[in-house]
Amino acid sequence: MNNTMPQVSDIRLMVRAEQPVLSARIKVSYNNLEGMFARKREEALSLLRKTGVYMTDVPFIIYYDFMNLDMYDLDVEFCFPVSCLMEGNEGVQPRVIPQSKVVHCLFKGDYDEMDYLYGEMTSWMMQKGYEPEGTAYEYYYRRKEEPYDDRLTKIVLPVKS
């Protein structure tokens, strides 16, 4: 394990613009999460290839009820940000994630070590008088094949309005 701080940015509040996505909301165990995410990503990319629409950012996962996660029955939504609302299929559906106030921070390292940052972010929100909305978004900027210590993830926690 390296000695560098895994949190690579300050915790900040911002307004996130609305975002069209292709998405799939499912229940899945933590052990099957990665494989299912890869399958849904392929479905989304297959649709995109036919239309000429592009992804505008890295794929992300919304974890519903992140403060009470059941690792055997995660309620997640795999999202693939696109430049415009487009047709989906039975595997991935179009929707728009509405504009919202969020707290975000970048994390570098193994996914298993992110818990502390969730705690830090939640404390930061409470200290500033904000309340977490209950979902967590994780944007994955590095490939799974990369060494654990080099993975970069943006954590976004929506704030109750």
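Q: Buried means under 20% relative accessible area, exposed means over 50%, and partly exposed is in between (1.4 Å probe, protein chains only); why is Asp 10 called partly exposed?
A: Asp 10 has a relative accessible area of 48%. That value falls in between the two cut-offs, so partly exposed is the right label. By the way, this is a predicted model, where local features need pLDDT of at least 70 and side-chain atom pairs count only at pLDDT 80 or more, while totals for chains, interfaces and linings use all residues. Residues are numbered from 1 along each chain as its sequence is written, and side-chain values use heavy atoms, leaving out hydrogens and water.

Q: What makes Asp 10 and Arg 12 a salt bridge?
A: The rule asks for a side-chain nitrogen of Lys or Arg within 4 Å of a carboxyl oxygen of Asp or Glu. In this pair, the closest N and O atoms are 3.3 Å apart, so it passes. Arg 12 is partly exposed as well, at 47% relative accessibility. Counted by the rule, there are seven salt bridges.

Q: How do you know that Glu 77 and Arg 95 form a salt bridge?
A: Check the distance again: N to O is 2.6 Å for Glu 77 and Arg 95, so the pair fits the rule. Glu 77 is in strand S4 and Arg 95 is in strand S5, so the bridge ties together parts that are 18 residues apart in sequence.

Q: Is Glu 77 buried or exposed, and what makes it so?
A: Glu 77 has 3% relative accessibility, so it counts as buried. Its partner Arg 95 has 28%, so that one is partly exposed.

Q: Why is the contact between Glu 131 and Lys 160 called a salt bridge?
A: Their side chains meet at 3.0 Å, N to O, so the pair meets the cut-off too. Glu 131 sits in the loop between H2 and S7 and Lys 160 in the segment after S8, which puts the two 29 residues apart. Both are partly exposed: Glu 131 at 43% relative accessibility and Lys 160 at 44%.

Q: What makes S7 and S8 a pair of strands?
A: Strands are DSSP runs of E with at least two residues, helices are H or I runs of at least four, and both are numbered from the N terminus. Two strands pair if DSSP finds at least two bridges between them. S7 (residues 136-140) and S8 (residues 152-158) share four bridges in the antiparallel sense, so they qualify. Within this pairing, Glu 138 stands opposite Ile 155 in S8.

Q: Why are S1 and S5 called edge strands?
A: The open sheet has eight strands in the order S1-S6-S8-S7-S3-S4-S2-S5, with antiparallel pairing. Strand S1 (12-16) and strand S5 (93-97) each have a single partner strand, so one side of each has no neighbour in the sheet.

Q: How do you know that Ile 61 is buried?
A: Ile 61, which lies in strand S3, has 2% relative accessibility and so counts as buried. Contact means heavy atoms within 4.5 Å, and, not counting residues up to four places away in sequence, Ile 61 touches several others, including Leu 33, Phe 37, Val 76 and Tyr 140.

Q: How do you know that the span of H1 is close to what is expected?
A: The expected span is 1.5 Å times one less than the number of residues. H1 has 22 residues and reaches 32 Å from its first C-alpha to its last, against an expected 32 Å. Leu 33 and Phe 37 are among the buried residues of H1, and the cover over these buried residues includes S2, S3, S4 and S7.

Q: What puts the buried residues of H2 on the same side?
A: Those residues are Leu 117, Tyr 118, Met 121, Thr 122, Trp 124 and Met 125. They cover an arc of only 160° around the axis, so they share one side of H2; the arc is that of the directions from the helix axis to the C-beta atoms. Asp 115 and Gln 127 are exposed on the other side of H2. S1, S6, S7 and S8 are among the parts covering the buried residues of H2.
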